[in-house]
Amino acid sequence: MNYLTKIFPELKQSGEEIGTYSFDGANCLENLSKVNVFIGANNSGKSRLLRALFSQESMKYSTSEIEDIKKDVEDYVRPINGFINGGYRNYTEIKREIDAIKERIEQIHIDSFYSSNRRTYADMIEKIDKEIQKLITKTRQGSPDKIKNKDAIHQEVKKLKSSKDFMKQLKQPIDFKRKYIPILRGLRPIDNDKDALKERIESDYFGSIDGNWDIITGQQINKEIREHLLSVRRLRDKVGDFEKFISEKFFNGKAISIVPQEGKNVPLVGIEEEERLIYEIGDGTQSIITLLYPVYMHKDEDVIYFIEEPENYMHPGFQRIFMETILSDEFENAQFFISTHSNHLLDITTGKENVSIYSFKKEKISFNVKNVTEPSFKLYSELGVRTSSVLLSNCTIWVEGITDRLYIKNIIDILKKEKSSQYGWCIEDLHYSFIEYAGSNITHWNFCETDNEGKIKASKISNSIFVIVDSDVNSNGNFVKHKEERYKTLRNCLQDKLYITEGKEIENMLSPNTIVKIIESYSDSV
């Protein structure tokens, strides 16, 4: 997809000003990515800006394609500027045509050139073409007494025409579709005859909605699925593909079915052999379908999605899957703007490629928006995150340090890839998380139920613990005496939830062949 990289917001909503925004010293929202996360405390301006971006009638923006072709445009402009500045500008016979071309060229550098309310490339290039044709005619007709080096001038103008042909190859501005998924959403219609939630949201925030925009509340999904299943094979298959997609991404490959029920206005959802009406199933499942059904069904179109708080009803592990899903190549035609209060989404997206994070803060009567590269403790504090937050993963894997964690994480990833049928279901932050205990600091922890004065009770932090320790054996292959006693105590407490490396450290698990290959890979750079 040709992503928006910069937006010049019209800070209005239904014709009303929504407040003053400061974009970290700029007049636009910059450094946009495929997924853009708006995060901040309540009343910090996130949803207001999200709605303003969705509803602005004449969106002014730059795209990734504009960024990519800047060098090519410069190559196009260079010979023209050289011609204009090469002394020929003094000849009155061609000055007017040169000035006209120069004016057209200067418009290419406008940041918002690609915006939907401006002329298309085709219009722009056609005008440049006409001006160049006039210039060619002038140089051909010019008298040698009045225009010196006429042949040289004519050759330069022909170069301009060649450059113009390059510009014709550039794509037209994209007419992005826009879809808004509000916090008021769900698969259980309030009114059988109309989308009451959509009507209320339109009335409150947007007024009339353009045909290329849409508000998706989930209220019409059951009706749409019914229509698809009663329609042509292509649409029937698309519903089946979505069921398979949800099954693989969120339910470990369990068979999923979503079928409208006769006499009901909500779908019947089947997971394996069990079938229930949607309101008899967890709200997390309902949320997943509401969010991803429209994204999946429009994945072949260029669409910008504006989503309010997608984390609602989702376990942190599901939040991770959701983010990884919308970042996948399967949705390469989609771009997302998300408002959230979730520190889990913040954790998940930090450092991710193709994700931009923007912190929002209200300052008196204005809103400050800042592009964040590394979220600070202050930002977490503004979200209300405290050290008493509960770990929700099924298991915590305790390791000595970061090197051990990276090795084990890589091993798990390899197992998931090579033995997907056995381990493909294993998802970080849903089935497991890591804790680094820093080597000998393990003595500060109590892994038993008995009280050990002065030690921290690990069971009060996590219920399911798996501890990995380095054996640190001596040259004879025996444990150092004090560590032997320590490991014996840990074994009594943890039983099979303790793993002691066979070698001295986890790096000793690497085979000689692997080590040789790694060293050889560095040989060119040493």
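In this predicted model, strand S1 and strand S6 (residues 60-63) pair up in the antiparallel sense, with four bridges between them. One of the contacts along this pairing puts Phe8 against Lys60, its bridge partner in S6. S1 itself is mostly covered, with five of its five residues buried. Lys6 belongs to this strand, which spans residues 4-8. Despite being a lysine, Lys6 has a relative accessible area of 13%, and it counts as buried because that value falls under 20%. Lys6 also has a neighbour from further along the chain: Asn31 is 25 residues away in sequence, yet the C-alpha to C-alpha distance is 6.4 Å.

Stepping back to the whole protein, there are 16 helices and 21 strands. Of its 526 residues, 45% count as buried. Contacts reaching far along the chain are well represented: among those between residues at least 6 apart in sequence, 74% join residues at least 24 apart. The accessible surface adds up to about 28,500 Å², and carbon and sulfur atoms account for 46% of that.

Eight strands come together in an open sheet with mixed pairing, and the order runs S4-S15-S14-S5-S13-S12-S7-S8. The edges are taken by strand S4 (20-22) and strand S8 (213-215); each has a single partner strand, so one side of each is left without a neighbour in the sheet. From one strand to the next, the twist averages 20 degrees. Within this sheet, strand S5 (residues 35-40) and strand S14 (residues 355-363) run in the parallel sense and share six bridges. Val35 sits in this pairing opposite Val355 of S14. Helix H10 (residues 316-327) packs on the sheet and touches S5, S12, S13 and S14, with its direction at about 155 degrees to that of S13. Another helix, H9 (residues 283-297), lies across strand S7 (177-181), strand S12 (303-308) and strand S13 (334-340), and runs at about 175 degrees to S12. S12 and S13 are thus touched by H10 and also lie under the span of H9.

A further open sheet is built from three strands in the order S9-S10-S11, and here the pairing is antiparallel. Strand S9 (256-260) and strand S11 (274-277) are the edge strands, each pairing on one side only. Neighbouring strands are turned against each other by 20 degrees on average, direction ignored. Helix H7 (residues 221-229) packs on this sheet, where it touches S9 and S10, and its direction makes about 95 degrees with that of S9. Strand S10 (residues 267-271) is joined to S11 by four bridges in the antiparallel sense, and Leu268 stands opposite Leu277 of S11.

Edge strand S11 (274-277) brings the discussion to charged side chains. Arg276 forms a salt bridge with Glu274, and the closest N and O atoms are 2.5 Å apart. Both partners are partly exposed, since Arg276 has 36% relative accessibility and Glu274 has 42%. In general, side chains of opposite charge can pair when their charged atoms come close. The count for the model comes to eleven salt bridges. Among them is the one between Arg233 and Asp237, whose closest N and O atoms are 3.6 Å apart. These two residues lie in helix H8 (residues 233-250), four residues apart, which is about one turn of the helix. Arg233, at 58% relative accessibility, counts as exposed, whereas Asp237, at 38%, is partly exposed. Lys194 and Glu199 supply one more, their side chains meeting at 3.7 Å, N to O. Lys194 is partly exposed with a relative accessible area of 38%, and Glu199 is likewise partly exposed at 40%.

The surface also has a nonpolar patch of about 420 Å², made by Ile411, Leu415, Tyr423, Tyr499 and Met509. Leu415 is part of helix H13 (residues 402-418). With a relative accessible area of 32%, Leu415 counts as partly exposed; patch residues need over 30%, so Leu415 clears that cut-off.

Terms used:
Residues numbered from 1 in each chain as written. Predicted model: local features only at pLDDT ≥ 70, side-chain atom pairs only at ≥ 80, totals over all residues. Heavy atoms only, no water. Buried < 20%, exposed > 50% of the residue type's maximum accessible area, 1.4 Å probe, protein only. Pairing = 2+ DSSP bridges. Axes fitted to C-alpha atoms, helices over the stretch in contact; angles between N-to-C directions. Contact = heavy atoms within 4.5 Å. Patch = residues over 30% accessible without salt bridge, like charges linked within 9 Å, V, L, I, M, F, W, Y side chains within 5 Å. Areas by Shrake-Rupley, 256 points an atom, 1.4 Å probe, with all protein chains shown as cover. Salt bridge = Lys/Arg side-chain N within 4 Å of Asp/Glu carboxyl O.
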